[in-house]
Amino acid sequence: MKLRKQVTVCGGAIFCVAVFSLYLMLDRVQHDPARRQNGGNFPRSQISVLQNRIEQLEQLLEENHQIISHIKDSVMELTDTGAVSPSGHLPFRSANGSWVLPFDGRPTFLAVKPQDCQPALGSHGQADVQMLDVYSILKFDNPDGGVWKQGFDITYEPDEWDSEQLQVFVVPHSHNDPGWIKTFDKYFTDQTQHILNNMVVKLAEDPRRKFIWSEISFFSKWWETADVHKQEAMRKLILGGQLEIVTGGWVMTDEANVHYFAMIDQLIEGHQWMERNLGITPRSGWAVDPFGHSATMSYLLKRANLTSMLIQRVHYSIKKHFASTRSLEFMWRQAWDTGSNTDIFCHMMPFYSYDVPHTCGPDPKVCCQFDFKRLPGGRINCPWKVPPKTVVDANIAERANLLLDQYRKKSKLYRSKVLLVPLGDDFRYDKALEWDQQFMNYQKLFDYMNSHPEMHVQAQFGTLTEYFNAVYKARGVAQGSRPADYPVISGDFFAYADREDHYWTGYFTSRPFYKSLDRVIESHLRGAEILYSLAVANARHVGMDGRYPVSDYALLVDARQSVGLFQHHDAITGTAKENVVTDYGTRLLRSLIGLKRVIINAAHFLVMKNKEFYRFYQTEPFLETDDRRATQDSLPQSTLIELDPAGPRYLVLFNPIEHERLCVVTVLVNTVRVRVLTEDGQTLPVQLSAQWSSASQMSAEATFMVRLPPLGLAVFHLYDSPDSPMTLRSDTLLRQSGRGVTSRAADPLPVRSQPSDPQTFYISSQSLTLGFSGDTGLLEVQMQFIVYGTRPSKDKSGAYLFLPDGKAKPYNQKEPPVVRVVEGPLFSEVVAHYHLICAFVFPGVDGLSIDFTTMVDIRDQTNKELAMRLDTDIQSGDVFYTDLNGFQMQPRRHFLKLPLQANFYPMPSQAYIQDSHHRLTLHTAQSLGVTSLESGQLEVIMDRRLMQDDNRGLGQGLKDNKKTTNRFRLLLERRSMGNKSLFLIATTSFPSILSHMTNYFLNHKVLALPVLPKRRGIPPLQTFAPLKSNLPCDFHLLNLRSIQSQVTGKQNTMLVLLLLTSKLTRVFCVSSRTPTRRLLTPVSGLFKNLDLQLLQPMSLTLMHASTPLANESTISLDPMEISAFKLKLR
């Protein structure tokens, strides 16, 4: 009590001194001529003098706030002499040697009542065909099928079309890769711009000519360079139905490695561009070149209101099976769908490729004769040695009948008498001559066929949607509806093989450095979008929208388009030329730097306690970024926070997750004399450890536990001050083989050493005890590193293909590793050679899983692929589970009838194995290839270094490897036996709530943003917590995206897109006690200090609007549903 009175008296005295000082400073303003003339080169008028006085007053107010801040800090120093944790205890070691932290008793990560949770069971999707079953029944043999090598002989009766003629739609197209052999810009300059320029002229010459286009990234670039007459001519072709934009994404996205956030984002970017500039909406999807197809893509197209879609690259055995059962057109349904809400009509192309020789019918030797770009005298010819012939009167009958025979044979593989015949290839139609060669010769053939009724065919050029509409009309159903006898299929189409045992499973891992960088930027993009939207809305709310830097919106657009471009199926896949990869990386780094700027600018505004003191200076940022990358292919370096005994450094922490987050944060500091305080003056436990830049160089890392508000910004104070009982130093031990190192007791962070021995050693936390090999430092799960070689002769592994030389061999290090063991109150870690394994001590999500990082550098290897294998006693049999695009889980089986490489699958975010007692989930922060070759195993390919091309057109191996950091979390969960039916689901499986949260924490790290010291002091800061109420535990806020005006193309600061998804989980949290639909608190009550003026349900990409809802409406989502809403906030 006596101490408290002394503190109060001292604080009051200091405050009085501060007020008196302010009075003296104001007095100086009135009497000091030098100050009066310190306003720059303004005219000596009354207005300029008044302006100078105002500026001086603002400076004095900021100085006063600095003084008040120092008073507050001084009072904290006085009251905090014996400060302890909120619960009144210091961290301590338990009897077993593990650390125990004081705990405030609040929920550790989610408040879920047991009575509000029910298993996500019920009925499951009722598809006619499950792709896992198809894999089970097929032999995957490869007998010679005749002219259709991978198929079978097709026959027909001549009178089959007498009662209903064959309708043929020839669809001209040009597949334009936004980067592959050339960079995006180089392709545009050399080829794409000429294709589009010719299109405007050549389609206008004959209204019967049609064309389709897919990639908006190229189309928008052409639009920007075209004059108004070309733009109007192009718009006329589109509105007149001669040109159709198909899919309409920024790119034709890869479907294996991409995360569904980026899949949606690039689709929004393309569709919004179309709506602003063309006023049209896409109806049909077109994906001829992604190397395998994901069920997530079909769902996203359905949610964007597309009615039909087409796919091409599917395993040749599956194509043959679907062709033999006439199932190449089907309704694609999501595995969890208990009805038919997710159904979308899908057309699978039957043959080897999307080029002309493999699209008119089963015989490429014949079809090649109708690729008129290959006429004699051109640059390319037919490999089958029979060239095309120009169509003339003398040969038209023979030519038409030869082509019609192929059309009829191809049509026998489908259930309707409507036939689709694509006519194109990569970068086709870049010369005016080809437009004439193709369109003129085909028009002659069509005219001949259509004028001879005995041929029973109607042939014409068409668009993709015209074809689909003709199918629906012929079958008597509405657009997008299921024709009566068409099958329903669930599952996906991985892994892809185009011939023999050539499985395209290598690209699941190729160039992992850029796969990792992509995910970092995606997290930054989402965080920047959310903070920018909230900052602009809050600025508008307080009447300061004119002072907020809305110019940052251009940085968001640049990042959206750079991330979108990288989702291209030759970018994130790692299958482009080295110089093209560098170009992608340069674009991504530029965007990352821009996104960090958007984040710090938004955070600056939002944490200001008094917005009147907010000042934005383009050249003087208020905050620093959390880290920096020197070049596009370098790893990030954490920002060093330089503490000063003269006063505190302020740190703003951004939690990009929509749930409260209890976690540890590590920052790099220049001293071991560190004390961390919360905004309200509570001292936090700190663990000090060394950051090792080499075997002997280290600086200090301060790790502390924080509780952060959802989507919020929290403020902390860092002091350079004498040791606090809450600051504890890590215990570091070096275990070295045969090389003793003396203990460096004099170091600020001393290190002990001892010779290594083969005995297992352990580190412990409150939830986990981990054992490690005494020799290698590897986790005794058992974890081991292994290597695959490539075949010694014939075809070898490359960027696309994985063609191993047999089973993997152990990876042998050249010398025994130095194993570093670090233990402390917040975390313990073991570092050895390629990996760092960390166990967090505190309660919450992080404390229930193992965090580990592998530092991969295989630049000294030749034709090797490094893998990590986890071996457990889980009785998983031949079944394992991998995610599709971070959105849903897909059951897999290891098939012995398939070659080793066929059993690898993409793992964008997680994979798990399980039995009736346990589930082991490997969460990943980057997409990699994964398999389970034995019961209880998970195996991940970490990096690939291959010295040769694999003959798929790239012309290079993979020799530009980088030093790469791969980040994972390993989560072991017990499984209840209370409801055995939970474990009998074959077609669907779902992560737990804990697993979802673990993945979010891994992929969306807390950003630590130091406040830069200011000469005039730091104005008062406060925590920004934007949400009034918590979202349901299984809701994920996918994005909060500011929208451009549809009229002017300028940013509309009032409109934002709210993207929500409801995750179906193994334990489904339902406060409404029903497992069917989930409710969200009224959106009007979601955001603090903001008024909701519009709430309108939209299609996924904002192309289709529903009736606006009342502002107080609650939003309900079905499990696994992704929904979009247009909001107006102010």
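Two strands pair if DSSP finds at least two bridges between them; strands (E, at least two residues) and helices (H or I, at least four) are DSSP runs, numbered from the N terminus. This is a predicted model, in which local features need pLDDT of at least 70, side-chain atom pairs count only at pLDDT 80 or more, and totals for chains, interfaces and linings use all residues. Residues are numbered from 1 along each chain as its sequence is written, and side-chain values use heavy atoms, leaving out hydrogens and water.

**Exercise 1.** Find the bridge partner of I786 in β35, then place the two strands in their sheet.

*Solution.* Start with the pair: β29 (residues 783-788) runs antiparallel to β35 (residues 864-871), with six bridges between them. Within this pairing, I786 has A867 as its bridge partner. Now widen the view: the open sheet has six strands, ordered β30-β29-β35-β42-β41-β38, with antiparallel pairing. At the edges stand β30 (809-810) and β38 (905-907); each has a single partner strand, so one side of each lacks a neighbour in the sheet.

**Exercise 2.** Check the span of helix α15 (residues 512-541), and decide whether α15 is largely enclosed or not.

*Solution.* First, the expected span is 1.5 Å times one less than the number of residues. For the 30 residues of α15 this gives 44 Å, and the end C-alpha atoms are 44 Å apart, which agrees. Next, take burial (buried means under 20% relative accessible area with a 1.4 Å probe, protein chains only). Of the 30 residues, 28 are buried, so the rest of the structure largely encloses α15. Finally, look just past the helix: G543 has a positive phi of about 75 degrees.

Terms used. Buried < 20%, exposed > 50% of the residue type's maximum accessible area, 1.4 Å probe, protein only.
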